[in-house]
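Got the structure open in your viewer? Let's walk through it, one selection at a time.

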Amino acid sequence: MSPRHSMLTGENVVAARRSSVLVTLAVALAVLALVNVAAGAWLRARPQNRAYWLIESKWRKLEALEAPVDWLFLGDSSCNQGLRPDIWREATGATAVNLCTIGDMLATNDAWMLERYLARHGAPRGGVVVMHAYDVWHRGMSGAFRTQLLARVPLPWGFWERATPKVTLTRDEALSVAASRYAPLYSEHATLAKRLRPLSGEPSPQFALDADGYMRLDDAAPARVKRDVRGHLGFVRRKKPSVSRENREALARLRALAEEREFSLYLAASPIADELARDAEWRRHFDGVEGALAKAVEGSPRARLVLTTPATFPATRMENADHLVHEAAASYTKQVAEAVGASRTSATTPTNAAPESSASGTATSAACPGDMALVAGSYCPVVSQRCVDQPAVVGGQGHMQCQRFEKAKCIAPRRRDVRFCMDRYEWPNEKGALPRTLTSWLEARAMCAERGKRLCTEDEFNFACEGEAMSAYVYGDARDSTACNFDRPYIERTFTYTRWDSCMADPTCKAEFDRLDQRVPSGSMLRCVSQAGVFDLNGNVNEWVERTEPTATSRSGLKGGWWGPVRDRCRPMTTFHLAGDFGYEAGFRCCRDAG
């Protein structure tokens, strides 16, 4: 043997015993299991993924509920940051818990959570509010839903097979759920490696819920909101409005539970950036989604839509295009509470059904009659509103109007809370009817009084029209004659009219009126609706109001503009007409104090 080979040592291979192999494998598996348990505990203590954390935290909040609450909030992350149980309690006197998670969990998760609550606590005394952003309703069950997201729900294995709607997983999907749930070393190895890397210098994100499940975020992100708005505008131009099969099934389940267990279910639109809401294509898409949701609850005595006109907020009060910061969530929560409180039992409610519940969860009469909308919020008496787009000719014949106004600024020392009822449509307050004109301020006041109402004040008109955002028009700050009935060609008047009843009975007067008339049926312009659900406050016909400034020499004023190329904004008011004057474009609507 050569010297080189003589340096090699021999190997003694000992025969392995079956028991030692099994012990070694068992120890290795035990160590691996312990490391996975430790990794899972570490990730729960230092969550890195907000979506994962939110799903698990909200389910654990539901499971930990020891006593029933009056109201449940279910939905996506816009609801998670938008509905504050503390403000709901202040507004209604009722308790609530926010169990909203993320959009990719769909309304399916809402139905599962509601089933779980009902099984343990029974029907909520007040009801259930379900809130999703408009772009959630078209989504189906993604691969992530069927693997990573399902794994975050802390219920026994296979719960998705026993719940309604039922979810059936393939073998590979079930293995992925198992890996995501029980093997974080595998499913979240990249996150673990990043967070455990020495000297990474990256702080761990901080997530927290309050005692009622609400997640508070204080920092607005205007730049992010603007980027997000651009993404939404691209989305509505690519996609048609729809509700996915999975969401339709979940809605059907939510509706069935509400009807079986006799509680009220309210579907509310999420808040939205005002810049987005001003876009005509976005409004058409939103209206299409709301129409599909309306069909899903049509005919139900328990389920209904509220706040169908989205609550809009400036970028300075938002985290992204449909997520509010903490102070703005207070305002939004009040709006939802008022909308729910104003909702009334439909004519299809069975005669033996329980009385309609108010937002506080107690049986009460609604704040407003059924033909009126509840308008409530924080009103600014004095605003600054500057034209930022060059005035252009509208309606022909050289009539000039500003094309867009900057976002209004409140320059009053303080805002004041207002709360009142307003007719949804111009007199005779009937959807589809042409509004009455040729009526004086004195006649309008008397006609409202006959119905137990009164003329609206100028401040009430302002707030109903512009909302807390102080918009120039009900739909935003840019002039758009496709949204409301204005900027129609001006036709010269050559006839002296009589009052409405007399003129309509006189063929000559009526024919001359018809020559000038460019009214549209009340409520027919679907985008010309205020946040509170009041139609045609801009254009169609001028509306008599009662002036409120102490120095006014006359109580009569005209607001909102008419079909011609005139001011037509929320704030301006014509004040030179006398209380006994009447015109072919002058109508009115009524208000009353809220109950």
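**Start in the sheet**

Select strand 1 (residues 71-75) and strand 3: the two run parallel and are joined by five bridges. A word before you go on: this is a predicted model. One pair to pick out is Gly 75, which stands opposite Met 131 in strand 3.

Now keep strand 3 and add strand 4 (residues 264-269). These two also pair in the parallel sense, over six bridges. Met 131 turns up again here, with Ala 268 as its bridge partner in strand 4. Next along, His 132 stands opposite Ala 269 of strand 4.

Stay on strand 3 (residues 127-132) and colour by burial. Six of its six residues are buried. In a regular strand, side chains alternate between the two faces of the sheet. Which residues sit on each side of strand 3? Gly 127, Val 129 and Met 131 are on one side, with Val 128, Val 130 and His 132 on the other, and both faces are covered.

**Zoom out to the whole sheet**

Show all the strands of this open sheet: there are five, in the order 2-1-3-4-6, with parallel pairing. Strand 2 (96-98) and strand 6 (303-306) stand at the edges with a single partner strand each, so one side of each has no neighbour in the sheet. Look along the sheet and you should see some twist: neighbouring strands are turned by 20° against each other on average, direction ignored.

Then add helix 5 (residues 85-92), which packs on the sheet and touches strand 1, strand 2 and strand 3. The direction of helix 5 makes about 155° with that of strand 2.

**Over to helix 3**

Select residues 50-64. Helix 3 has 15 residues and reaches 20 Å from first C-alpha to last, close to the 21 Å expected at 1.5 Å a residue. At its N-terminal end, find Asn 49, which acts as a cap: a side-chain oxygen lies 2.9 Å from the backbone nitrogen of Ala 51. Among the buried residues of helix 3 are Trp 53, Trp 59 and Leu 62.

**Into the cores**

Trp 59 is a handy stepping stone, being one of the contacts of Trp 112. Others on that list include Phe 145, Leu 150, Phe 159 and Trp 160. The largest nonpolar core has 54 residues, and within it Trp 112 and Leu 114 touch the most other members. Helix 6 (residues 106-121) gives the most to this core, with eight residues.

Last stop: a second, separate core of 39 residues, where you can select Tyr 134, Leu 276, Leu 324 and Ala 339 among the members.

Key
Residues numbered from 1 in each chain as written. Predicted model: local features only at pLDDT ≥ 70, side-chain atom pairs only at ≥ 80, totals over all residues. Heavy atoms only, no water. Buried < 20%, exposed > 50% of the residue type's maximum accessible area, 1.4 Å probe, protein only. Helix = DSSP H or I, 4+ residues; strand = E, 2+ residues; numbered from the N terminus. Pairing = 2+ DSSP bridges. Axes fitted to C-alpha atoms, helices over the stretch in contact; angles between N-to-C directions. Contact = heavy atoms within 4.5 Å. Expected span 1.5 Å × (residues − 1). Polar contact = N/O pair within 3.5 Å; in protein donor to acceptor, adjacent residues only side chain to side chain. Core = buried A, V, L, I, M, F, W, Y, C linked by side-chain atoms within 4.5 Å. Lists of a residue's contacts leave out its neighbours within four places in sequence.
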